[in-house]
Amino acid sequence: MRHIISILLENEAGALSRVAGLFSARGYNIHSLTVAPTEDPSLSRMTLVTSGSDEVIEQITKQLNKLIDVVKLVDLTEGPHIERELMLIKLRAEGEARAELLRLTEIFRGRVLDVTPTTYTVELTGTGEKLDAFLEAVGEGAILETVRSGTSGIARGERALA
């Protein structure tokens with residue numbers, strides 16, 4: 001089962017490496033990983049997507065909590081949450097396809113960031129499923145390059161990590 005783990009950790013050199021090392025040493029896979037400083041410059045927030053049984057996820061969270069850099073962590077999938085991913089995609093846009101790609105971008109609520117005579121660069125945000133659906137809709141032949149940020153997530157309502 002897919003889990004989104006949000007971790008508040010000290011913003012110090014090597015903190016990311018220790019978290020990644022924990023996963024590597026135990027043979028766990030990280031599907032996506034995003035890290036950035038918080039409003040407090042001494043702390044960073046890491047959002048990590050992984051999968052496994054409840055027992056495996058419990059082991060992961062226990063091991064993460066033992067790391068000295070980890071201040072607090074929460075499995076966002078245990079309650080209501082919001083998750084988003086950012087994708088930049090460069091599309092081949094020539095002839096008749098140009099209008100269709102603009103229409104698809106509008107339907108998926110994307111933004112065209114760059115236009116050349118033969119390409120569009122589009123920004124799209126949403127769940128991973130939404131981004132995957134856009135990729136499927138435009139088709140492999142139109143895709144020149146994609147960049148995805150990985151999942152960022154936050155709990156809904158009053159629940160907060162900090």
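These are my notebook entries on how the helices and strands of this predicted model are arranged.

**Entry 1: the sheet.** I began with the strands. General reminder to self: strands of a sheet pair through backbone hydrogen bonds, either parallel or antiparallel. Here I found an open sheet of four strands, ordered β2-β3-β1-β4, and the pairing is antiparallel. At the edges stand β2 (30-37) and β4 (70-75); each has a single partner strand, so one side of each is left without a neighbour in the sheet. I also looked up the turn between neighbouring strands of this sheet, which is 15° on average, direction ignored.

**Entry 2: β1 and β4.** Next I checked how β1 (residues 2-10) is joined to β4: they run antiparallel, with five bridges. I looked up Leu8 too, and its bridge partner in β4 is Lys72.

**Entry 3: a helix on the sheet.** Then I turned to α1. This helix lies across β1, β2 and β3 (43-51), and runs at about 15° to β3.

**Entry 4: the two helices.** How do α1 and α2 pack? I noted an angle of about 140° between helix α1 (residues 15-26) and helix α2 (residues 54-66), and their axes are 10 Å apart. Angles over 145 degrees would count as roughly antiparallel, and α1 and α2 are therefore oblique to each other. Their crossing is right-handed.

**Entry 5: who meets whom.** On the α1 side I listed Val19, Leu22, Phe23 and Arg26, which meet Ile60, Gln63 and Leu64 in α2. Sorted by class, this contact of α1 with α2 has five nonpolar residues, one polar and one charged.

Notes: Residues are numbered from 1 along each chain as its sequence is written. This is a predicted model: local features need pLDDT of at least 70, side-chain atom pairs count only at pLDDT 80 or more; totals for chains, interfaces and linings use all residues. Side-chain values use heavy atoms; hydrogens and water are left out. Axes are lines fitted to C-alpha atoms, for helices over the stretch in contact, and angles run from 0 to 180 degrees between N-to-C directions. Angles under 35 degrees count as roughly parallel, over 145 as roughly antiparallel, 65 to 115 as roughly perpendicular and the rest as oblique. A crossing is left-handed if the near helix is turned anticlockwise from the far one by less than a right angle, and right-handed if clockwise. Contact means heavy atoms within 4.5 Å. Ala, Val, Leu, Ile, Met, Phe, Trp, Tyr, Cys and Pro count as nonpolar, Asp, Glu, Lys and Arg as charged, and the others, Gly among them, as polar. Two strands pair if DSSP finds at least two bridges between them.
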